[in-house]
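Student: I'd like a close look at one single part of this model. Pick a spot, show me who sits against whom, and work outwards from there.

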Amino acid sequence: GQGTPSYDEVMTQIEEFERTATRAKAEGLQFMFHNHDAEFTTVVNGETPFELMIKNTENLTFELDVGWVTYGGVDPVNLIHR
């Protein structure tokens, strides 16, 4: 494996996702993130990449894969309600 990414690496990727989502929205499109388990099992600075995406984006939307959410140890029903 590649090891755990740094906080800066995760945030750089999230910022790129948000820039892409913002450009897509301006064109009437949605840029969506499709998760796997790593977004819930990796922890950087005390938070998962999924939590960081939720907190640091406005235009990014999610195609939630509940199988991977469950495999990552998170209750998908609670996550969907959030």
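Tutor: Two residues touch, or pack against each other, when heavy atoms of theirs come within 4.5 Å. This is a predicted model, so a filter applies: local features need pLDDT of at least 70 and side-chain atom pairs count only at pLDDT 80 or more, while totals for chains, interfaces and linings use all residues. Residues are numbered from 1 along each chain as its sequence is written, and side-chain values use heavy atoms, with hydrogens and water left out.

Let's start at F50, which lies in helix α3; helices here are DSSP runs of H or I with at least four residues, strands are runs of E with at least two, and both are numbered from the N terminus. F50 has a relative accessible area of 4%, and so it counts as buried (under 20%; exposed is over 50%, partly exposed in between, with a 1.4 Å probe and protein chains only). Leaving out residues up to four places away in sequence, F50 touches E39, F40, F62, L64 and L79. F50 also sits 9.0 Å from A38, C-alpha to C-alpha, with their positions twelve residues apart in sequence. A38 itself belongs to helix α2 and is partly exposed at 35% relative accessibility. From A38, the C-alpha of T4 is 9.7 Å away in space, though the two are 34 residues apart in sequence.

Now widen the view to the rest of α3. P49, F50, L52 and M53 are its buried residues. Looking down the α3 axis, they fall within an arc of 160 degrees, so they line one face of the helix; the arc is taken from the directions that run from the helix axis to the C-beta atoms. That face packs against α1, β1, α2, β2 (61-63) and α5 (76-81).

One of those partners, α1, deserves its own look. Helix α1 covers residues 7-26, 20 residues in total, and reaches 29 Å from first C-alpha to last, close to the 28 Å expected. That expected span is 1.5 Å times one less than the number of residues. Buried in α1 are V10, M11, I14, F17, E18, A21 and A24. Down the axis of α1, these fall within an arc of 145 degrees, so they too line one face of their helix. D8 and A26 are exposed on the face turned away from that buried side. The buried residues pack against β1 (32-34) and α3 (49-56). Just past the end of α1, G28 takes a positive phi of about 80 degrees.

I14 shows how α1 and its neighbours meet: apart from residues up to four places away in sequence, it touches P49, L52, M53, N56 and T57. I14 turns up again in the largest nonpolar core, where I14, L52, M53 and L60 touch the most other members among 14 residues. Such a core is a set of buried Ala, Val, Leu, Ile, Met, Phe, Trp, Tyr and Cys residues joined through side-chain atoms within 4.5 Å. The elements giving two or more residues to it are α1 and α3, with α1 giving the most, five residues.

Helix α1 has another neighbour in N59, which lies in the loop between α3 and β2. N59 counts as buried at 18% relative accessibility. Not counting residues up to four places away in sequence, its contacts are E18, A21, T22, K25 and F31. The C-alpha atoms of N59 and T20 are 8.9 Å apart, although 39 residues separate the two along the chain.

For contrast, take N45 in the loop between α2 and α3. N45 is exposed, with a relative accessible area of 61%, and it has a positive phi of about 50 degrees although it is not a glycine.
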